[in-house]
Amino acid sequence: MNEASGHRYPGVAMLLHWLLAIGVFAQWRIAVAAENAPTDEAGSEIMANHFSLGATLLVLALVRLVWRFIQPNPPLAAHLSTWERWLAKITHTLFYVLLIVMPLAGWLAMSKYGNGVDVFGIFTLPAMPVESDPEGAREIFHIHAAAGVTLLVITAIHILGTLKHTLIDRDGNLFRMLPFGTPKA
């Protein structure tokens with residue numbers, strides 16, 4: 001193993017990272033499109049994609065978490081300051097929590113409406129065995145939306161950190177999550 005590869009994430013972790021990143025961005029844009037749809041019917045059709053992608057992201061996040069236990073991440077770069085190490089750990093933990101809890105909350109809310117979650121017309125996640133509670137479902141969706149904003153803020157912090165390491169520190173940290181370039185210890 002060469003010096004760079006020891007500091008790079010494994011290919012599976014890279015793939016899952018970028019699929020989740022693209023999925024989170026797509027979820028945000030789908031939710032905005034549904035909110036701005038010209039009719040409620042059009043908004044519902046758009047939100048069906050949000051629900052399907054949410055179920056997919058839940059599976060990807062769980063696979064990523066399992067993969068992380070099977071194949072631990074490379075150590076953080078030795079030159080990082082204490083606050084950078086803590087911020088990295090906090091943001092990554094929040095990513096996992098939100099990427100797992102948010103889809104489950106969406107599924108729970110749909111279940112409280114008495115509905116399952118159709119996944120791209122391929123199969124349907126059945127409604128969870130909970131009592132019908134439309135008001136509770138609306139509250140869960142409000143919390144889900146607030147968590148979505150939190151996820152976007154954490155994503156922005158993550159991107160800003162990447163830009164800092166790439167443009168200011170020039171430490172090659174970005175290349176730890178890419179199959180090219182030179183990550184540094």
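Helices and strands are taken here as DSSP runs, with at least four residues for a helix and at least two for a strand, numbered from the N terminus. Counted that way, the protein chain of this predicted model has four helices and two strands. Read from the N terminus, the order is α-α-α-β-β-α. The C-alpha atoms fit in a box of roughly 55 × 30 × 25 Å along the principal axes. Of the 185 residues in the chain, 33% are buried. Among contacts with a separation of 6 or more, 68% are between residues 24 or more positions apart. The accessible surface adds up to about 11,000 Å², and carbon and sulfur atoms hold 71% of that.

Helix H1 covers residues 11-35, and Gln-27 is part of it. With a relative accessibility of 10%, Gln-27 counts as buried, because the cut-off for that label is under 20%. Leaving out residues up to four places away in sequence, Gln-27 touches Asn-49, His-50, Leu-53, Gly-54 and Leu-57.

Next comes helix H3, which spans residues 82-112 and includes Thr-82. Thr-82 is out in the open: its relative accessible area is 56%, so it passes the over 50% mark for an exposed residue. Thr-82 and Val-117 are 35 residues apart in sequence, and their C-alpha atoms sit 43 Å apart in space.

H3 also shares a nonpolar surface patch with helix H4 (134-169), each helix supplying at least two residues. The patch measures about 460 Å² and is built from Trp-83, Leu-87, Val-149, Val-153 and Ile-157. H4 gives the most, with three residues, and Val-149 is found in that helix.

Charges tell another part of the story. The chain has 12 positive and 13 negative charges, and the mean positions of the two sets are 18 Å apart. Side chains of opposite charge can pair when their charged atoms come close. With a limit of 4 Å between nitrogen and oxygen, the count comes to four salt bridges. One of them joins Glu-84 and Lys-164, at 2.7 Å from N to O. This pair links distant parts of the chain, since Glu-84 is in helix H3 and Lys-164 is in helix H4, 80 residues apart. Glu-84 is buried at 12% relative accessibility, while Lys-164 is partly exposed at 24%. Glu-84 and Lys-164 also belong to a salt-bridge network with Asp-169.

Another salt bridge pairs Asp-133 with Lys-112, at 4.0 Å from N to O. Asp-133 lies in the loop between S2 and H4 and Lys-112 in helix H3, so this bridge ties together parts that are 21 residues apart in sequence. Asp-133 is partly exposed at 29%, and Lys-112 is buried at 17%. Glu-135 and Arg-138 form a salt bridge too, with the closest N and O atoms 3.0 Å apart. These two are about one helical turn apart, because they are three residues apart in helix H4. Both are labelled partly exposed, Glu-135 at 44% and Arg-138 at 38%.

Finally, the backbone has a couple of oddities. Most residues other than glycine have a negative phi. Phe-120, however, has a positive phi of about 55° and is not a glycine. Phe-120 sits in the loop between strand S1 (117-119) and strand S2 (123-125), and is partly exposed at 45% relative accessibility. Arg-170 also has a positive phi, near 50°. Arg-170 lies in the segment after H4 and is exposed at 60%.

Note on methods:
Residues numbered from 1 in each chain as written. Predicted model: local features only at pLDDT ≥ 70, side-chain atom pairs only at ≥ 80, totals over all residues. Heavy atoms only, no water. Buried < 20%, exposed > 50% of the residue type's maximum accessible area, 1.4 Å probe, protein only. Contact = heavy atoms within 4.5 Å. Patch = residues over 30% accessible without salt bridge, like charges linked within 9 Å, V, L, I, M, F, W, Y side chains within 5 Å. Areas by Shrake-Rupley, 256 points an atom, 1.4 Å probe, with all protein chains shown as cover. Salt bridge = Lys/Arg side-chain N within 4 Å of Asp/Glu carboxyl O. Lys, Arg positive; Asp, Glu negative; His and termini not counted. Charge placed at Lys NZ, Arg CZ, Asp CG, Glu CD.
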